[in-house]
Structures are given as structure tokens and as C-alpha cells.
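Here are some exercises to work through with the model open beside you. Try each task on screen before reading its solution.

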Amino acid sequence: MTTERAVDLQHVCHRYGDNIALDINQIVIERGAFVGLIGPDGVGKSTLLSLLAGARQLQSGELKVLGLDINKRRNRHQLYPRIAYMPQGLGKNLYPTLSVAENLDFFARLFGHGKAQRQQRIAMLLQATGLSAFADRPAGKLSGGMKQKLGLCCALIHDPELLILDEPTTGVDPLSRRQFWQLIAQIRQQQPQLTVIVATAYMAEASQFDHLFAMHAGRILAQGAPQQLCAEQQADTLEQAFLRMLPGHANYQPLDVSHRDHQHNEVAIEAHKLSKKFGDFTAVDNVDFTIHRGEIFGFLGSNGCGKTTTMKMLTGLLEASSGSATLLGQPVQGNSREIRRRVGYMTQQFSLYTELTVEQNLYLHGRLYDVPQAQLKIRVEAMLAQFELRRQRHHYPKEMPLGERQRLSLAVAMIHQPEILILDEPTSGVDPIARDQFWRIILDLAKTQQVTIFISTHFMDEAERCDRISLMHEGRVLVSDTPPAIIAEQAANNLDDAFIRLLEQHIERQASTHDLPLETVINKPAQKSRQFSLQRLWSYSRRESLELKRDPIRLLMAGLGSLILMFVLGYGINMDVNSLTFAVLDRDQTQLSRSYTDSVAGSRYFVERPALHSYAEIDQRMRAGELSLALEIPTDFAKRIARGETVQIGAWIDGAMPVRAETVQGYVQGLHQHWLLEQLQAHGYQVQNPVTIATRFRYNPDVASMPAMMPAVIPLLLLMFPAILTSLSVVREKELGSILNFYVTPTTRLEFLLGKQLPYLAIGTVNFFLLLLQAEWVFGVPLTGSFWLLTFASVLYVVIATAFGFVVSAFVRSQIAALFVTMLATMVPATTFSGMITPVPSLEGIGRWIGEIFPATYEMMIARGVFSKALGFAELGYTLIPLLLAIPIVLGLGVYFLPKQER
Amino acid sequence: MKQTFRNTIYLGLKELRSILRDPMLLMIIVLAFTVIIYSAASSMPESLHKTPIAVIDDDQSQLSKRLVSAFDEPYFLPPEQVASQVADQIMDEGRFTFIVHIPSGFERDILRDDRPELQVIVDATRMSQAFTGSGYIQAILQQTLAEFYAEHHLVSSAQVPVELALRSRFNPELNPSWFASMTEVIGQITMLSLILTGAALLREREHGTIEHLLVMPVTPFEIMLAKVWSMVLVVMVAATLSLIFVVQGILAIPIEGSLWLFAGAMLLHLFATTSMGIFMATFARTMPQFGLLLILVVMPMQILSGGMTPYESMPNMIQVLMSAAPTTHFMQAGQAILFRGASATMIWPHLLALLVIGLSFFMIALARFRKTLATLV
């Protein structure tokens, strides 16, 4: 075993724009250490960890991980299989639509395990974490605790030497939390060389680490063993010690929580056998509780245990499946406005309008709650004062720190002076100081204003501040009492222990799975990562296909988008103009004049409408759009012709739509000439020109739209849709954060892109055949040339199109931008510069240049050649060369622009 | 009732504030009604511009040279002389859309009255160019030949003395940019109203504020109506300004009819499209999904509404189908008002259709919106 340090960091500084996120002189972590990073959100913990994992690019300073300089690409490639990284956020590195087993399978393949080994490892990890029973459940539908366990499984699948966990237990129930740490302890026991670095915001958890780094504002405030830190600050708890380290809080005293007695007379909230089912799933199961006026009632439980659902039923957002609930003596089901005016609600996400200022948010909510105009201003000012938001009145929520946003959110919920406040995890993610401040307000509201407060939380210290608490697990309330009573009843040291005992009692009835030996799981040598691995590529392909299969909208787009659009374009961009309406103002009414009218009416282009009688009528009917053409035959038409006088026939064309008008002009002139010739022939003249001009329309003798349109539409659709899909597939991962898995695994850029490309290439090819069939069967445009040439060229073309999407994806951050930018970047050159309407040689300047190199030009030539000109490899084979050349170029650009690290 | 009205106003004002605070959306709105309109109007592709043309001159006479030199810019590039053997090949490659073949002894045959034949070979896979181009070529050849006949007194003067006086109304020069700019305005109205309402709803969903609204004494009807009126207002103002300043002002395109009537038709149209935006947004969970839906819905609606090719030339089935789309009626009504100066009495069937479509879309969207909200939380 090597004796290098696990982490050796010197003078690292990291900026996001102008903000310094991290500024650290030195961090040294020995191998086998169990290290904690503590500090509230936004102090740079995550940035530091992502740098250690190689997920983020080092901006300045030196960083050696496991003895290797992480700034070198070659080193990173060697390190990926030796490091495991679990990013912050519940299930952030998981794929929510994939099942537990599929997620694990994806990671296992990335690290080069054989099939047998893979299955064995997956089975063991699942058993060790108690997830076996849920192997087929989509990761997105797991509870918070299970998600984190699965995340850990995914991280452990390749047997790392360094395990980096970013807030792994945030949002997880106490039992799962304890199980999680037990699991880590077991693994460390089996593998003493394993270094574990954990970031956490729970001070209560921090005492278990060997060594702590306390962070604030991107710097290390202090480091040392937990006891040492407490001793230095003369504090009883780590939380206290940490708060005292913060600048300006040296004399911090914990919030005084004296339990108050209530005259338990008036009932504010009551639930009776409240249940909620979503399909087969029972989210809330026969829940009962009674909350009195002025009481603070705490609601505890893991994510997904039914807390939020219960709260939503109480607010009337969700209708209960069975049971009943009353607020202030009135049943909730009524959904009446009156009840709502007496309740305030605040959710996890602090749902504020980020586009409105603090003041505007308050005014809007006040108005919607129907606070009388006269009092509104007074109320808003009172809220601003009470929640210490006066200085921020013109600030936007986005610019404010989380703690202030939280206060605003509560102010908004309080604007209408509700008698009941329902607060759903109002303090998640907020630092300890802001939490204290928040609780002071809450306690005050309950005490002085007799507001009933129903609050859910993850924090045990918060739970202890409540008058009474309920613990919820899998939709049931396990216990409901005052905190001291619960502790006493369970004979526990503190609330945390008490809850764990309660949960264990509850779960004992279900099979316990924690006694499995882990050594069989560990101690499997991780395979050496090769430069290019088909297995990793295939792993990405498999995952991409599974995800696509489970996203109906993208699947619809991928499968039918091009067909629908071809159908629409086929009928929409139809150049054939017919069924044109015309009417005649015939002032002559002779046989001759009627023969003129008949010659127009007899053509297949025109449809005759009732005759006209006046100029006013011409005007009126043309304005209404009823007539495309109005003809006027003057009085004495026949007589004057007979006398040899020149007569004029008036023709008015509706010029509103110039394309149509031009066609009408052409038709009318043609019909007029034809009529003149007929008249001459009728009078016995031989009319013949000295020269016949014969126009031969090649390939499409009828000059019909469809045969001309179809070959031009196919290259357009085969470019746009595949490109959009691949571009979305990359940007989607950027947006959801799962791109981290690409950053921290040995997957190379080419593997990543090719892996993602394969499914879309398959879809694109199927689409091509469907388009061919639709062209032939629906639009009656058959292939005349070589089917194989077109197929071969089209497959190459789809490869280019999908690779093109990757190039675009490198330049956009959001999916919606990816969508529109890809659409523009494909459609504009394909319609204007690729010879669709104007041949490339007639283009000038940059357009000509684009046309010459844009692959759609060549696909267009091949499609036209094969569809209409009966050509094959002999005549058009040379156009394949530019397509073949384009593949490595476009794909190379995609690889070149794709970062393997976050910046 | 009064409460409903007030809530709708407040919520709508909030939407307007949101737009003002979203530079991205503002930019899209401004671009859509200025740059895009302008470029659509000014870059309407001329189907004939420096078209490459090839000539097989087997005659090499005075006349044949005269014919060849008759083709010139801006419509045609100077013709390229090619040998008759390669004619098929260059046509297959698609390098030339037109080849004029002058047979050997052409001039001599005319003078001998042997009635020779002049061939124009056209690549008809390029529809629009083939069609217009062959007309131009015919005309150019005819005219050059007519001069030649006249010089050599070859034609008789027998004629029926009837002239055709062709006039086009509403756009006397058949300037394509008139039509392009106005259909673009109409298209952008539809597009933006869908994007804006969809974004307004999805923004609230993504931020979780919609849930917050629902616990307030506010009904789904009020929430939806607020989004509808505010987005209708934004698009109406933007589109009207665009018609006045960009179309009439910068592009100097005359508007025949009453802007007020057009605004009325637009109001009815927007009522339908904003409802549609809400409806679509209830199917999407995120903006990207909404974007995908938008492509699949908007493109057919725009292309088949009669803005690109005449509505009456479409197959019957499509016409029936499209008569349920608001764009179809708005396109017809809009064209009638803007170009032909039609009055309300002439286009009332379209206005009525818009009203009916709008009302039914609103009701459907509201029902769907209520349902989604119930399952959303």
C-alpha cells in the first residue's frame, strides 16, 4: 500500500464570477481518516468536495489526491476508479426513472465489471443496505433514506479508496441516518485504508468524525478533533462551539426553550382517521391528532413519509381519500374561502415570487387574502418591522440570503393575521443562526398572539422546542406527545435515540437485513480503467434508451415528430394552386362573351361563382376575400370585335397573397391567349409560330408539388429531430446534475457521446424508413433510384445530425435554449443554404460557403437524385465522400467542446 | 364576484411585473416583433436570382448567339456552354436547373420556314424555381425571337383585337414583402401568446408558487383568467406597436383596413391561443417538455393555416381539420382586414368562429387546469 496522503491541498482559491467561494491555505488528510466538513449551506463545502473528486476544474493552487496531482488529465483518469463521490441533494447522482437495480447496473458497467461479478456485487450491496426488496422500484419513488443508501451503493460499486460524501443525510429520517453511519462504520472496519470525507450541516452528527474542519465563508475557521474544538470554545455542544467561532457571535447563547402549559380547551386543528391513497400507494394511513389553540405542534419523519401530504390535506390542497379534518371547528373539505383566510401556509421551497420585491410580495398576498385596503399598508409595514425586513423592502428574493428569504416567506404567510400557521419544513437548508432567529419569532407568535403552529422539521433540536410532537413513518403516526414524555417513555437519553427506538420497534416487524457480511462485497479488485471501453459506451446507451423510453413527451417527439411534420409540410408547402374562385361582370351577355367566361370556368384551376352586377359588388366581394379573380367584359364586346375595334377585358386579381396572385396572372394570361387562338382558328386562320419552344420538365413531368417536396423535406427532418434530441440529452444532464457521473467516472468524452448517440441513431434510422414509407404510401411519391444509396447516405447523415446536436449542446446551459438554438442552427442553413430552393451555385458570399460544407446539401442531392432522378451509386456515389468526411469532423468538434470537468 | 374580479386583476398585474423582470422573455418579445418581422419582410427569397443556366448551342449562328446573350443578371447568370453529351449528367447532379438546347441549323430552318424546335430542359425537382424560371425563359426567348421575326418579316398580322387588362388589387406590384411581413406578425402573435402563457404557468409550477396560490382564497378560474388577460394584453400591445412602427413605419407597407377591427380579431384569437397555452402547459412538467410540445403543435397550426400557401388549395380533410384551429380564421380575417380593408360585416363568420373556438378552448383548458392542479400537489 502506498503511504501517500489522501488529500494534500495547498493555497486553493476558487471563484464564481466575482464571488470567492473558496480560499484555503492548506488541508492535509491522511489515509484511512474519517473527516468531517461542517458549516451551514453556502460556505464552500460542496465546492471543496467537488474539487477533491475531480468534478470541478481547479482554478488556482495545488491539489494532490491519493498522491496524484489532480490537475493532470492522465492522473484524473487513473483516479476516477479510486474515488467515489456522492454529490449533495437526495439522489442527485441517480436517474429517477431507472429502477434501483438499473441504476446500480449502469454504474457497475462504467467500472468494467464482468456480468457475473456485476450481478453478484449488486445483489450483495442491495442486501447489505436492505434495498433488495425494492430492486425494481424507480429511484425517483424511493424515500429519502433509501435514495441515499442507493447513492452509497452506486458509489461503493467500484471499491474506492477515497469516499467523498456531500451532506449524505440531509432530509433523511433519524433511523435511516443511523443506519447509514453504521454502514459507513462497517465498511471502514473492513477496509481500514478507506478514507472518508463527509460534509454535513448537522452538528449532532459531527461528533463521530476523527477530525473536523469548520468552514465559514470559503475559509477554514478551525480544525481538530471534535472534543478539541468544543474545549477551545468552552462550549458544551459542537453547535454552540461552531456558532461561537463565527465572527461576531463569540457570546452566543442557545435559545431558551421553556415549555409552556396550555389551557387545553379550544381545539384548532383536528384530524380523524385521515388517509390518502395515490393509486395502490397509501401515503397517509389513518392519522389522528388534535392540536390546541396557541400550541406549537411538531411533525417529524423522513422525506416521503407522508408529512407533506398530511399538511396538504389540512390546507385543502389535497382531498383526503377517507377520514376527516377540521380547522377551527370547520371541516376542511368545504374548501371555503373563509377557512383559507384564517390559515397561513409556508412550504419547503419558500414559494415566493422571485420577480416581485419584498414589498410587492407582501402587498400581493395581502390583497389576495382580502386584507382591507385601509389596513393593507399598516399590515405590510408591521410585517416588515416584525420580521426585520425593512431594509430589504425593495430587494428581490433571489438576491437575499436563505435566512432572509425564509423570514419573508413567513411574513407572507402571516400577512392576513391567520390563526393557524402550517409550516412545511420551513428551516431546511438554513444556517443555525437564522434558524434560531426564525424560532424566536415562532415562539413569540404562539405565546403572544395565540397562533396555532403546525410545523414539520428534520432537526431534533427544533423538535425539542415544540410543545408536542408526532413522529410519522410510512404514512402512520408512531407517537404523539410532549418531547420529555417521549424520551421518558422510551427510556432514552435524548429525542434522537427515542425516535430511533420507536422506528426500530416499528420496523422489527419487517425483515431486518443488516447482518450480512460486507467483506464479500468489499475486497474485489477494481479493474484497471482502459482508455476506451465499449462496455462503458454501451452502459451509457442502455441508460439513455431506458430514460427515453420512460419520458413520453420526448419519446413522442423522437418517434413521431418527423412523421407529423412531414405530413404537415407535405400539405402545407403545396405549390399547386387550384380551386381559385372567380366571377364575371358580363355587360355584353352575347354568345362570344359567354364563350370567354366558359373558357375560364372550364379550366381545372378556376371555380365560377355567381355573376357580378356592379363595380361596388366587385369591390365588396373581393374585400371579403370571396373572389380571387374578377373579370369584366365590356358592353358591345362582340359587336366591337366584329367591327375590328380593340376591346379590353378587365381582370382584377386579389394581390393580397402575391404567390397566389402571380399564379392567377399566369393562368389568366394563358387562358386568354388560348381563347384568342381559338377565335382565330374559328375564323379560318392558320396560326403557327415559326419556332416551337418545347419545355421539358425532367424528373417530374407534371410539375407536381409532392414529388418535388418530399425529397427536400426528408433531409430537413432527419437533421432537425435527431439534433434536437441529442442536444437535449446532454443539456438535460447538465440541468439535472447527473452529468456529474460523467465527470467523476472513468468514462471518456468519446464514450459518453457515442454512448448517447447510439439510441438516437437507431431512432433516426427507423424514422428514415418511416418517412420513406409515408412518402410512398401517403403522398404517392415512390423511389425511382437506388434504395441502398439513399439508406446508406441517410444513416451517415443521421450520424452527422446527432453529432451536430452535441456540438450545439456545448454552448447552451438550459434545455429550452438547447431546443430553440438547435432548431435554428439546423433549420436555417438547411432551408436557405442547402439548395432546397436556390441551388448552392447561385448563392453568394458566406451563404455559398456554408452551402458547400453543410451536409444537408449533399443529402438533399442524394434524396432528389434517388427519389426523382432514378440515380444510384454510379452517378451519385461521390456525394458520400463529404458525408463520410463530416462524421469525424463534427463528432470531433463535439468531443472537443465537451468539458470533462465543471468550471 | 367582486372578489373574483379583484383577484384576477391583482394576479394579472403580478404576471405583468414578472414579464418586466424577465429580460430573456422581454428580449424574445421585442425581437419577435421587430427583427424577425423586418427580416421576414426584407429577405423574402426571390425565386429567380442569378440562376445558373446552361446552353447547348449546336447551331453557333448569329441568332443562337443572340439568344444566349439574352439571358443576363439579375435573373440569370451568364449561360454556360455545355456539350450535348453531358447534358444528362449535369442535370442529374443538380448543378443547373435549366438547359436551353438550340439545335444545329436552327437559324437556317427558321428562315426556310421549317419550323424548328427549341428545347428548354427543366429540372422539375426544384418546384418553385422550375415553374417561374421556365416562364421567364419562355418570355425571354419569345421576345428575342419576335424581334428576329420582325426583322425578317416572318409573321402574319392576323389578330383578334382583344386585350387583357390585368390589375392586381390590394398589392398592385405584388410585392412579396407585404404579405410576408403581415403573416409574420400574425404568426408571431400565435407563437408568443402560447410561449408566454405556457411559461407563466410552468414558472409557477417550477417555483412551487402555484401551490401557494391554491391555499389562498383564490380559485383556479381566477388564476387562469389572470394569466390569459395579462398575456393577451402584452401580445396585443406588442403586435399593434409592431404594425404601426415596424410594418407601416420602417417597412412603409400600407395597411388598408382598420387597425381597431384587427385588434378586435386579435383579441378573440388571443383568447383562444392563450387558453391553448395553458392547456398545453398542463401536459408538460417542465419548460423543455413544453418546448417540444410547442414545436409539434405550432408548426402544423402555422403552416396549414393559409399563411404559407392558399388555404383553399389544401385537401378537404385538412381544411375541415384546420377549421377548428384559431390560426386559420385569424389568418383569413387578418388578411381581409389588413390587405383588403374588409369591414366587420364581411368577416363576421371568421370572428364568430374565433369566439366559439376561444370559448371552447377556455372551457377545456380550465377543466384540464383544475384537474392538473388537483393531482399536482
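Below are five exercises, each followed by a worked solution.

This is a predicted model, in which local features need pLDDT of at least 70 and side-chain atom pairs count only at pLDDT 80 or more, while totals for chains, interfaces and linings use all residues. Residues are numbered from 1 along each chain as its sequence is written, and chains are lettered from A and ligands numbered from 1 in the order in which they are written.

**Exercise 1. The chain contact**

Task: Find how many residues each chain gives to the contact, and sort those of chain B by class.

Solution: Start with the count: chain A gives 103 residues and chain B gives 103 residues. Two residues are in contact if their C-beta atoms, placed from the backbone, lie within 7 Å. Next, sort the side of chain B that touches chain A: 56 residues are nonpolar, 29 polar and 18 charged. Here Ala, Val, Leu, Ile, Met, Phe, Trp, Tyr, Cys and Pro count as nonpolar, Asp, Glu, Lys and Arg as charged, and the others, Gly among them, as polar.

**Exercise 2. A helix pair between the chains**

Task: Describe how helix 12 of chain A packs on helix 1 of chain B.

Solution: First locate helix 12 (residues 358-368) of chain A and helix 1 (residues 2-20) of chain B; their axes are 9 Å apart, at an angle of about 160°. Helices (H or I, at least four residues) and strands (E, at least two) are DSSP runs, numbered from the N terminus. Axes are lines fitted to C-alpha atoms, for helices over the stretch in contact, and angles run from 0 to 180 degrees between N-to-C directions. The two helices are therefore roughly antiparallel, the term for angles over 145 degrees, with under 35 counting as roughly parallel, 65 to 115 as roughly perpendicular and the rest as oblique. Now pick out the residues: Gln360(A), Leu364(A), Arg367(A) and Leu368(A) meet Asn7(B), Tyr10(B), Lys14(B) and Arg17(B). By class, this contact has 3 nonpolar, 2 polar and 3 charged residues.

**Exercise 3. A helix pair within chain B**

Task: Work out the geometry and the residue classes where helix 11 of chain B meets helix 12 of chain B.

Solution: Begin with the axes of helix 11 (residues 259-283) and helix 12 (residues 287-307) of chain B, which come within 9 Å and cross at roughly 130°. That is why helix 11 and helix 12 of chain B are called oblique to each other. Then list the contact: Met280(B), Ala281(B) and Phe283(B) come from helix 11, and Phe290(B), Leu293(B) and Val297(B) from helix 12. This contact has 6 nonpolar, no polar and no charged residues.

**Exercise 4. Strands across and within chains**

Task: Trace the pairing of strand 24 of chain A, then that of strand 9 of chain A.

Solution: Strand 24 (residues 647-654) of chain A runs parallel to strand 5 (residues 162-169) of chain B, with 8 bridges joining them; strands pair if DSSP finds at least two bridges between them. Gln648(A) has Glu163(B) as its bridge partner. Turning to chain A alone, strand 9 (residues 211-216) and strand 10 (residues 219-224) run antiparallel and share 5 bridges. Met215(A) stands opposite Ile220(A). Finally, check the 2 residues between these strands: Ala217(A) takes a positive phi near 50°.

**Exercise 5. An open sheet**

Task: Give the strand order of the open sheet of 4 strands in chain A, and name its edges.

Solution: The order is 12-11-14-15, with antiparallel pairing. Strand 12 (281-292) and strand 15 (330-331) of chain A are the edges, each pairing on one side only. Strand 11 (residues 267-278) of chain A is joined to strand 12 by 8 bridges, and Phe278(A) stands opposite Phe281(A).
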